[in-house]
Amino acid sequence: MTDKAQNPAAQNPAKEKLIQRYSAAERINHWVVAVCFVLLAISGLAFFYPAFFWLTGVFGTPELARIVHPFVGVVMFVAFGRQFFRYWHHNLLNREDIRWMVAVKEVMKGNEVGDIGRYNGGQKAMFWVMVLCMAALLGSGVIAWRPYFASSFPIPVIRIALLVHATSAVVLISSIIVHVYAALWVQGTIRAMVEGVVTHGWARKHHPRWYRETTGKKV
Amino acid sequence: MTSSSLDIQRRSASPTAAAEARNPAEIAQLIDVSVCIGCKACQVACSEWNELRADVGTCVGVYDNPTDLSSQAWTVMRFAEVEENGKLEWLIRKDGCMHCAEPGCLKACPSPGAIVQHKNGIVDYNQDHCIGCGYCVSGCPFNVPRLSPKDGKAYKCNMCSDRVAVGLEPACVKTCPTGAIQFGSKEDMKEVAAIRIADLQSRGFQNAGLYDPPGVGGTHTMYVLHHADKPEQYSGLPNDPSISTAVGLWKGALKPLATVGIAAAGLFGFFHYITVGPNRADDDAHQDANDDAKADTREEDRS
């Protein structure tokens, strides 16, 4: 995969100037989290909404869905933990991010705001929302996990855990919808997480500072 | 297990109404604590009729044995020694499912039909549909349901719904030697209780009363207590039980909020895309990138 990225001009010098954005390890890591998330959302929504209980059928039987859900959750948390340590330092807010956030209306129209580095204010906010939700989901999930851990906690604590678990899951699901939509809306983004590369045009428009840093150009 | 000859009033995780046409009488089990001698015949009858065999326990210094409810012990006697007016009182309470009119377990249960409430008031678990999540344990204000360590499914007293369906009283009622447990229509049981309470009050128990807590819509297991003002004395019978706020929010307000939140995220994306359209870098910036590419080539040429 790196051949193309390191020497993209060799293939199509004029049109396909590419920058490596995510390594293979990062992409595998991302998609492990994504697949776990989809499985957890399907089973979680089935337990939350009676009308969606049939979604447990994806796992074979409702009881299997209930048994599998927390184990998938642990896999997601471990994989996300790896992502946390990969990206946290890229997601510290700076002044440009605040500018971006204040002018988010303009951004929504497709006009870029601020000298954005590797991630913009929205992506950084999304990162921290995900971190908070993942932490809340893990903690509350362990407390409510039967038959292994729940019996070690007092019932009032389990009740709060169940409420926290469902609430943070709803926040995370809504956020992931925004995350997925943003990737679809900003064309050329999916490629970053599938092939690992973005075009120079993409980088210059959406992440000018990151573009300068990675290419050494002074545009 | 649910018995098909009993009409169902409410069904877990089922948003639409159950069958409405037939209206059988509400039943109730009345436990007169002041008449109970703590013989545990009810425990034995329960175990026998329902074919349950709890492991032989050990003496823990008091009469409680088994010491707690379990998937193999759907009713247990709880013995409390308390001092009232300078006198020792031995308060014995038969613990088990209260068969709430508004059952917290049923509200919490995510599996359609795993918990049903029969029209006569009995709250019944259908282990065939139970997924072992234990939400019922968290939903119950009385700490009654128990998960079986063998199959992971929830169990509790079903007021011998199989017996009641064919016109018999529950096994514990049938066996009680002192008449401390009575069974009939809820209305009749309230009348029986009123007579007993009047008698207790005339004999110095001013605070005698009926335990039929309104916080859970009333219960179909009711107690006559000599100290109805202090139910906690009876091995922690809750004073004003109700479905906890956390469970209420989780199974109540959070659902419409979640629907709005998730739908808003999806609809926003859809309408944003069809109004603003995709955000393409190539329209304007690609040209610049091409210029860069040309510049690079020129630099390479020079070098």
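Which residue takes a positive phi just after helix 8 of chain B? The legend to View 1 has the reply.

These legends describe a predicted model, in which local features need pLDDT of at least 70, side-chain atom pairs count only at pLDDT 80 or more, and totals for chains, interfaces and linings use all residues. Residues are numbered from 1 along each chain as its sequence is written, while chains are lettered from A and ligands numbered from 1 in the order in which they are written.

**View 1. Helix 8 of chain B and what follows it.** Just past this helix sits B:Gly277, with a positive phi of about 85 degrees. Helices (H or I, at least four residues) and strands (E, at least two) are DSSP runs, numbered from the N terminus. Helix 8 covers residues 254-275, and its end C-alpha atoms are 31 Å apart, which agrees with the 32 Å that its 22 residues should span at 1.5 Å a residue. The expected span is 1.5 Å times one less than the number of residues.

**View 2. Chain B, domains and confidence.** An automatic or database domain assignment splits chain B into domain 1 (8-244) and domain 2 (254-302). Their C-alpha centres lie 61 Å apart. Chain B has a mean pLDDT (the predictor's confidence in each residue, from 0 to 100) of 92, with 91% of its residues at 70 or more. Go carefully with residues 297-303 of chain B: pLDDT stays under 50 there, and the model has zero contacts for them beyond four places in sequence. For the model as a whole, ipTM is 0.90 and pTM is 0.91.

**View 3. Where chain A meets chain B.** Here 43 residues of chain A are in contact with 42 residues of chain B; contact means that the C-beta atoms, placed from the backbone, lie within 7 Å. On the chain A side, helix 3 (62-87), helix 7 (155-185) and helix 9 (200-206) each chip in at least two residues. Helix 7 of chain A gives the largest share, 16 residues.

**View 4. Strand 11 of chain B and its neighbours.** Five of the five residues in strand 11 (residues 221-225) are buried, meaning that 20 or more other C-beta atoms lie within 10 Å of the residue's own, with C-beta atoms placed from the backbone. B:Thr221, B:Tyr223 and B:Leu225 point one way, and B:Met222 and B:Val224 the other. Strand 2 (residues 27-32) of chain B runs parallel to strand 11 of chain B, joined by four bridges, and B:Leu30 has B:Met222 as its bridge partner. Strand 10 (residues 209-211) of chain B pairs with strand 11 in the antiparallel sense over three bridges (pairing takes at least two DSSP bridges). In that pairing, B:Leu210 stands opposite B:Val224.

**View 5. Helix 6 of chain A and its cover.** Helix 6 (residues 121-144) has 24 residues and reaches 34 Å from first C-alpha to last, close to the 34 Å expected. Its buried residues include A:Lys124, A:Met130, A:Cys133 and A:Leu137. Helix 3, helix 4 (95-102) and helix 7 of chain A are among the elements covering the buried residues.

**View 6. A:Trp100 in helix 4 of chain A.** A:Trp100 counts as buried because 24 other C-beta atoms lie within 10 Å. Leaving out residues up to four places away in sequence, A:Trp100 touches A:Val107, A:Val113, A:Gly114, A:Ile116, A:Asn120, A:Gly121 and A:Gly122. A:Cys133 is 33 residues from A:Trp100 in sequence and 23 Å away in space, C-alpha to C-alpha.

Methods
Two residues are in contact if their C-beta atoms, placed from the backbone, lie within 7 Å. A residue is buried if 20 or more other C-beta atoms lie within 10 Å of its own, exposed if 12 or fewer, and partly exposed in between; C-beta atoms are placed from the backbone.
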